[in-house]
Amino acid sequence: MSMLSKLPGVAGIWEPLHEDRGVVPDRWGARPHRDAMTSQDKGLLADVLAGNLVNAWTCSRTPLRDAVGAEQLLVKYVRGNSLLPLVLDEWDLQHKPILLMRHPWDVVQSQVRAFGPRPVDVDVDKVYPGHSLLQTHWAEVRAETDPLKRQLHIWCLLNAPLWERYAQNPDVIALHYHDLVLDPESQLVSTLNQLEWTPANRSSWNARSFVEGLDSRATSDTDFRGDRLANQRDQLWKNLKALTPSRRRELQQVLDRHGLTMYSMEEPNPRVR
């Protein structure tokens with residue numbers, strides 16, 4: 001998002017669905033889901049996407065001068081994956097949503113390192129309203145004593161069905177972290193072309209020229225620990241290489257259990273594009 005937010009005339013909205021710092025009601029929980037939303041909630045979501053509901057947190061990544069002259073908004077909300085079907089059904093979008101996907105083991109490692117093990121002594125219906133699949137399997141999730149494996153179960157129950165459904169859906173732009181790391185320039189140009197995005201009143205604007213002016217190797221906004229490796233392939237393999245063969249098999253069983261076919265524990269690249 002940090003690179004796309006540099007598009008001329010674009011202002012970024014940062015994580016408006018954050019359960020503590022965002023702009024949505026507490027009843028939406030940690031991962032909002034369409035099955036728990038009322039018509040009033042849908043109206044609130046429309047206001048969020050239109051930039052009508054903001055606070056200091058959601059505007060913190062956009063300089064005031066960029067916000068004042070903005071013609072379009074770029075909304076980043078990793079906690080809103082489950083709202084993608086609702087967004088596509090409810091609104092006629094000018095540009096397709098971008099679905100950024102990363103190997104689930106990397107996601108889990110990042111989550112646990114940054115925020116610690118996921119607590120299990122919670123009211124799952126309150127924290128994850130509408131997520132019937134997770135609610136059904138919560139007793140099994142709670143019984144798992146390995147915090148990383150438990151987090152992998154949670155991640156799969158929240159995301160695997162959605163990724164399997166939309167990874168090749170023409171209504172979204174599927175962008176894989178693996179491809180972005182290896183060839184950021186080409187992936188960004190491809191994304192902009194798929195967005196069919198051009199700035200207002202700039203007929204000479206060119207996506208490739210814009211991307212060439214960026215520092216495409218810059219670290220992510222969410223590289224909290226500063227542990228990104230300089231070599232791109234080492235970066236992609238670092239978490240999987242640390243696993244023993246038996247540990248890989250054990251974790252692969254979790255992916256298989258939840259029907260995630262896009263990634264495996266044997267390699268970082270996606271099986272399906």
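This is a short talk through one predicted protein model, from the whole chain down to a few single residues.

Okay, thanks everyone. Keep in mind as we go that this is a predicted model. Let's start with the whole chain and then zoom in.

The chain has 13 helices and 4 strands. How does its radius of gyration fit with a compact globule? For 273 residues you'd expect a value near 19 Å, and the chain has 19 Å, so the two agree. If you draw a box around the C-alpha atoms along the principal axes, you get roughly 55 × 45 × 35 Å.

Now, burial and contacts. Of the 273 residues, 44% are buried. And if you take the contacts with a separation of 6 or more, 74% of them are between residues 24 or more positions apart. On the outside, the chain exposes about 14200 Å², and 46% of that comes from carbon and sulfur atoms.

For the charge people in the room: there are 33 positive and 35 negative side chains. The centres of those two sets sit 4 Å apart.

Right, strands. Let's take β1, which covers residues 10-14. How many of its residues are buried? The count is 5 of 5. Val10, Gly12 and Trp14 point one way, Ala11 and Ile13 point the other way, and all of them are buried. So you can look at either face of β1 and find buried residues, because both sets count as buried.

What does β1 pair with? Its partner is strand β2, residues 72-76, and the two run parallel over 5 bridges. One spot to click on is Ala11, which stands opposite Leu73 in β2.

Let's stay with Leu73 for a second. Leu73 comes out as partly exposed, because its relative accessibility is 36%, and the buried label needs a value under 20%. Leaving out neighbours within four places in sequence, Leu73 is in contact with Ala11, Ile13, Leu49, Ala50 and Gly51. For Gly51, which is 22 residues away along the chain, the C-alpha to C-alpha separation from Leu73 is 7.2 Å.

The other pair to look at is β3 with β4. Strand β3 is residues 98-101, and 4 bridges join it to β4, residues 173-176, again in parallel. Ile98 stands opposite Ile173 in β4. In β3 the side chains alternate: Leu99 and Met101 point to one face and are buried, while Ile98 and Leu100 point to the other and are not.

Next, a couple of helix residues. Asp41 lies in helix α1, residues 39-49. Buried or exposed, this aspartate? Asp41 counts as buried, because its relative accessibility is 0%. Who does Asp41 touch? Not counting residues up to four places away, Asp41 touches Arg27, Trp28 and Ala36.

Then over to helix α12, residues 232-241. Leu240 is in there, and Leu240 is buried, with a relative accessible area of 1%. Beyond four places in sequence, the contacts of Leu240 are His103, Trp105, Arg248, Met265, Glu267 and Pro268. His103 is 137 residues from Leu240 in sequence, yet their C-alpha atoms are 9.8 Å apart.

Lys238 is in α12 too. Lys238 counts as partly exposed, because its relative accessibility is 23%. The C-alpha atoms of Lys238 and Gln151 are separated by 19 Å, with their positions 87 residues apart along the chain.

Last thing, backbone angles. Most residues other than glycine have a negative phi. Here are two glutamates with a positive one. Glu15 has a phi of about 45°, and Glu15 is found in the loop between β1 and α1. Glu196 has a phi near 55°, and Glu196 lies in the loop between α10, residues 184-195, and α11, residues 207-212.

Which of these labels fits each glutamate, buried or exposed? Glu15 is buried, because its relative accessible area is 3%. Glu196 counts as exposed, because its relative accessibility is 67%, and the exposed label needs a value over 50%.

That's my tour. Have a look at Leu73 opposite Ala11 on your own screens, and then at Leu240 with its contact to His103. Happy to take questions.

Conventions: Residues are numbered from 1 along each chain as its sequence is written. This is a predicted model: local features need pLDDT of at least 70, side-chain atom pairs count only at pLDDT 80 or more; totals for chains, interfaces and linings use all residues. Side-chain values use heavy atoms; hydrogens and water are left out. The radius of gyration is taken over C-alpha atoms; the globule rule is 2.2 Å times the number of residues to the power 0.38. Buried means under 20% relative accessible area, exposed over 50%, partly exposed in between (1.4 Å probe, protein chains only). Contact means heavy atoms within 4.5 Å. Accessible areas come from the Shrake-Rupley method with a 1.4 Å probe; for residues, only the protein chains shown count as cover. Lys and Arg count as positive and Asp and Glu as negative; His and the chain ends are not counted. The place of a charge is taken as NZ of Lys, CZ of Arg, CG of Asp or CD of Glu. Two strands pair if DSSP finds at least two bridges between them.
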